[in-house]
Amino acid sequence: MKYPALTICRSKVLSNACKVRELCSKKNIEVWGVTKGLSGDPRLADIYREAGFAGISDSRSLNLKKIRDSGNDLPRQLMRIAMRSELAELPGVADVSLQSEVSTILELDRVCSSLGVFHETLIMVDIGDLREGFWPNDLVYAGEALSNISNVSITGIAANFACASGVLPTMEKLDDLARYSDVLRESLGRNLPNISIGGTSCLKLLEGQTPPSAINQLRICEGVLLGKDTAFMREIPYLDGTALAIHAEIVECKLKPSVPSGELGLQAFGEKPVFLDRGTRKRALLGIGRQDVNIDRLTPMQDGVSIITASSDHMIVDVTDAASLRKDGCQPGDVLSFRPLYPAMLAAATSEYVSVVFEDK
Ligand SMILES: *Cc1c(COP(=O)(O)O)cnc(C)c1O
């Protein structure tokens, strides 16, 4: 294997995806698999397809293009609010998009008309998380302003939970959403069959309760890949949290003091680290750095390994207490492994220096 590497166990991700799909289908909710956590990797989109998901969702046109070109026939959704500069390619890249500006939707309608194509859109509503979406009071105005478009078909509304501000989904919020959908339907004068919610934090509600029947789509990424629900700070008990791992190779391993010598300024990233004098320690230098991972969101898998710090290209770990490693200590060429949380996964999957390996075991 080429290091550093991000490995993904296919069968575990597939099993997680199937469990999420089963849970959701009991509540008449279809699942849209979000691929942005692995940079739109078509192999992940294929797993979602195999699990019976209804569609693929990603925030980047480039990712959706990769998936389109891989031959995956699921419908594709662009879920980041579209930039004006990408409207021309949007209908070719995505079947559905999430939108939150009247002027952009009008422009998209003009683009679609001139191309002679049709495109589907869900109207984002901000339920209080304060990222994207119409404020509920503006839905009447939006519906009226959009009631005459011809080539963009508004088929529902969508909302995010716990994205920018950590606002959690509740039954109350879902009831609100169903009501907002009614408001928009009235002003638009059109049926709105879809209400899409996301992301992983919404699973918790579906586990115990039955949401309003109008809610029929879930967009999800983190739970399926990592078995975690960051918003509710929990490991999802029925999902596997061991599907992904990041592996890096030791390039140097030496006994060194735990406190630096010399006058101290700031380190490469403008921070001032704090040092605890623990005497002489065995330190391993790994061929992976902040360009490839977010070190605050990595957990060493081998006992006794702890992360000290990292610069762009190197991560430094303390391996003094790593009894599980070979008796004669670590050597250059040995590989250490880590479990990533979402930000570390995102960075690793995006870095062109990290190989992304889907394993079959
Ligand atoms: C990232 C994202 C999701 C997926 O969220 P997870 O919590 O990772 O499941 C859903 N919807 C939107 C709009 C997103 O940007």
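Where in the chain is the place of Asn-28? Look in the loop between helix 1 and strand 2, and you'll find Asn-28 there. Keep in mind as you look around that this is a predicted model. Asn-28 is worth a stop for its backbone: phi is near 55°, a positive value in a residue other than glycine. For comparison, most residues other than glycine have a negative phi.

While we're on the backbone, let's visit two peptide bonds. Most peptide bonds are trans. Tyr-3 and Pro-4, though, are joined by a cis peptide bond, with omega at about -10°. You can spot Pro-4 in the segment before strand 1, which covers residues 5-9. Further along the chain, Gly-198 and Gly-199 are also linked by a cis peptide bond, and omega is about -10° there. Gly-199 sits in the loop that runs between strand 8 (194-198) and helix 8 (203-208).

Now step back and look at the whole protein. How is the protein divided into domains? There's domain 1, residues 10-230, and domain 2, residues 244-359. Their C-alpha centres are 37 Å apart.

Next up is the barrel. Eight strands form a closed barrel, in the order 2-3-4-5-6-7-8-9, and their pairing is parallel. Neighbouring strands in this sheet are turned by 30° against each other on average, if you ignore direction. To see one pairing close up, pick out strand 5 (residues 96-99) and strand 6 (residues 119-124), which pair in the parallel sense over four bridges. Follow Gln-99 across and you'll see that it stands opposite Ile-123 in strand 6.

What about the helices? Helix 2, made of residues 42-50, lies across strand 2 (30-34), strand 3 (55-58) and strand 9 (217-220). Helix 2 runs at about 165° to strand 2. Helix 2 also takes part in a salt bridge: the side chains of Arg-10 and Glu-50 meet at 2.8 Å, N to O. Arg-10 belongs to helix 1 and Glu-50 to helix 2, so this pair, 40 residues apart, links distant parts of the chain. By the rule used here, the salt bridges come to 17.

So what happens where the domains touch? Domain 1 and domain 2 bury about 1200 Å² between them, and 70% of that is on carbon and sulfur atoms. Three residues stand out on the domain 1 side: Leu-38, Arg-43 and Leu-226 supply 39% of the area that domain 1 buries against domain 2, more than any other three residues. In the contact itself, domain 1 takes part with 15 residues and domain 2 with 11 residues.

How many salt bridges are there between domain 1 and domain 2? The count is zero. Polar contacts are another story, with four residue pairs found across the interface of domain 1 and domain 2. As for which helices are involved, helix 1 (10-26), helix 2 and helix 9 (222-226) each supply at least two residues of the side of domain 1 that touches domain 2. Helix 2, then, lies across strands 2, 3 and 9, and it also supplies residues to the side of domain 1 that touches domain 2.

Technical notes. Residues numbered from 1 in each chain as written. Predicted model: local features only at pLDDT ≥ 70, side-chain atom pairs only at ≥ 80, totals over all residues. Heavy atoms only, no water. Pairing = 2+ DSSP bridges. Axes fitted to C-alpha atoms, helices over the stretch in contact; angles between N-to-C directions. Contact = heavy atoms within 4.5 Å. Domains from an automatic or database assignment. Buried area = accessible area lost by both parts, 1.4 Å probe. Salt bridge = Lys/Arg side-chain N within 4 Å of Asp/Glu carboxyl O. Polar contact = N/O pair within 3.5 Å; in protein donor to acceptor, adjacent residues only side chain to side chain.
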